[in-house]
Amino acid sequence: MQALVIVAHGSHLNPDSSTPTRRHADTIRATGAFDEVQTGFWKEEPSLREVLRTVESEEVYVVPLFISEGYFTEQVIPRELRLEGWDVSEWDSDGLSADTATLVAEDTGQTVHYCGPVGTHESMTDVIVRRAETVTGDPDVGEGFGLAVVGHGTERNENSAKAIEYHADRVRETGRFDEVRALYMDEEPEVDDVTDYFESEDVVVVPLFVADGFHTQEDIPEDMGLTDDYRAGYDVPAEVDGHRIWYAGAVGTEALMADVVLERAADAGADIEEAIASVREETRETPAAGD
């Protein structure tokens with residue numbers, strides 16, 4: 001038997017924080033690719049510390065639903081799962097290349113294939129583009145449009161910006177959009193000035209966040225000038241300084257995110273190619289979590 005465990009932050013304050021994680025787990029569970037599919041959270045139940053006890057399988061693939069490598073993926077999750085002998089050097093990563101470390105959970109004896117975060121996987125680029133398609137309602141969106149990939153940005157974790165730049169570069173290389181920029185909340189170039197960075201009249205803004213919350217639902221819309229008060233809502237697209245801003249909300253709510261989770265598990269050795277193909281096809285018509 002083999003199990004998949006998707007681990008995420010969760011929130012005591014925002015009950016919708018875990019919705020995308022649980023929904024992606026449901027999508028994967030329906031494929032039958034794993035004998036068991038479970039979710040675990042830092043701030044919700046089941047907790048990271050207990051989640052391995054909720055599965056019977058002796059072999060477990062653990063995929064962190066986090067955007068970047070850092071404190072949670074390198075310290076909190078391995079500690080809470082009690083992965084014997086864990087050391088971040090197991091990943092031999094440059095901040096973007098964490099792949100898989102196979103270890104044993106000290107208290108349960110399970111073999112755990114601990115994967116890198118979804119946010120640095122190359123297939124996340126496809127999810128960003130799909131998010132642009134979803135918000136515009138155009139499967140061919142690109143020509144005449146700019147695309148802004150938005151991250152938190154922080155001096156405390158230089159890897160936070162690396163993931164944003166990585167995917168912005170990958171989208172830019174496709175040549176699909178007229179302009180592609182990486183913007184941030186807490187460092188330059190800031191999303192507050194989004195219209196200063198684009199000549200395109202139409203700009204799709206995709207925040208590289210796992211779930212919608214305070215930053216994506218309140219801060220970013222107000223900072224961009226979509227609304228003076230997020231509680232009053234805003235139009236999509238919204239007119240700002242002569243541009244039409246198509247604000248997509250958190251990328252992690254896009255149904256195709258389930259594919260990235262599967263890709264991580266496949267890279268770790270899970271034989272699930274049929275499930276990956278099935279999810280890619282199914283999620284094309286599936287609305288984003290919370291929509």
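Select helices α2 (71-81), α4 and α5 (214-224): each supplies at least two residues to the lining of the largest pocket. Keep in mind that this is a predicted model.

**The pocket**

Colour α5 on its own. It gives the largest share of the lining of the largest pocket, 5 residues. The pocket has a volume of about 1,200 Å³. Its lining counts 36 residues. To find the centre, show His9, Phe66, Phe72, His152 and Phe209, the lining residues closest to it.

**The five-stranded sheet**

Next, select strands β6 to β10. Which order do the strands take in this open sheet? Read across, the order is β7-β6-β8-β10-β9, and the pairing is mixed. At the edges are β7 (179-184) and β9 (238-240), each pairing on one side only. Look along the sheet for its turn: neighbouring strands are rotated by 30 degrees against each other on average, direction ignored.

Zoom in on β6 (residues 145-151) and β7. The two strands run parallel and are joined by 6 bridges. Pick Gly151, and opposite it in β7 you will find Tyr184.

Now add the helices that pack here. Helix α4 (residues 159-174) packs on the sheet and touches β6 and β7. The direction of α4 makes about 170 degrees with that of β7. Helix α3 (residues 124-136) lies across β6, β8 (202-207) and β10 (243-247). Against β8, helix α3 runs at about 125 degrees.

Before leaving α4, step to the loop between β6 and α4 and select Glu158. Is Glu158 buried or exposed? Glu158 is exposed, with a relative accessible area of 59%. For a distance to check in the viewer, pick His121 as well: the C-alpha atoms of Glu158 and His121 are separated by 17 Å, with their positions 37 residues apart along the chain.

**Strand β5 and its partners**

Move to strand β5 (residues 111-115). Why is β5 described as largely enclosed by the rest of the structure? The reason is burial: 4 of its 5 residues are buried.

Show β3 (residues 59-64) beside β5. These two pair in the parallel sense over 4 bridges. Select Val60, and its bridge partner in β5 is Val112.

Then show β4 (residues 100-104). β4 and β5 run antiparallel and are joined by 5 bridges. Here Thr102 stands opposite His113 of β5. Follow the chain through the hairpin of β4 and β5, which has 6 residues between the strands. Stop at Gly109 in that hairpin, where phi is positive, near 80 degrees.

**Two nonpolar cores**

Hide the ribbons and show side chains. The largest nonpolar core holds 55 residues. Which of its residues touch the most other members? They are Leu4, Ile28, Phe34, Leu147, Phe177, Leu208 and Ile272. Helix α6 (residues 257-267) gives the most to this core, with 7 residues.

Centre the view on Ile28. Leaving aside residues up to four places away in sequence, Ile28 touches Leu4, Ile6, Ala33, Phe34, Val37, Ala258, Val261 and Leu262. Another core, of 22 residues, lies apart from the largest one. Val60, Leu83, Leu103 and Val112 are among its members.

**Backbone stops**

Finish with the backbone. Most residues other than glycine have a negative phi, and most peptide bonds are trans. The next stops depart from that.

- Glu45 and Pro46: a cis peptide bond joins them, with omega about -5 degrees. Pro46 sits in the loop between β2 (36-41) and β3.
- Glu188 to Pro189: this peptide bond is cis too, with omega near -10 degrees. Look for Pro189 in the loop between β7 and β8.
- Arg82: phi is positive, near 55 degrees, in a residue other than glycine. Arg82 is in the loop between α2 and β4.
- Asp92: phi is positive here as well, near 45 degrees. Asp92 is found in the loop between α2 and β4.

Last, compare how the final pair meets the surface. Which is buried and which is exposed, Arg82 or Asp92? Arg82 counts as buried because its relative accessibility is 16%, under the 20% cut-off. Asp92 is exposed, with a relative accessible area of 66%.

Terms used: Residues numbered from 1 in each chain as written. Predicted model: local features only at pLDDT ≥ 70, side-chain atom pairs only at ≥ 80, totals over all residues. Heavy atoms only, no water. Buried < 20%, exposed > 50% of the residue type's maximum accessible area, 1.4 Å probe, protein only. Pairing = 2+ DSSP bridges. Axes fitted to C-alpha atoms, helices over the stretch in contact; angles between N-to-C directions. Contact = heavy atoms within 4.5 Å. Core = buried A, V, L, I, M, F, W, Y, C linked by side-chain atoms within 4.5 Å. 1 Å grid on protein atoms, 1.4 Å probe; cavity = no way out; pocket = protein on both sides within 12 Å on 5 of 7 lines; lining within 4 Å. Points joined across faces, edges and corners; volume = space filled by probe spheres on them.
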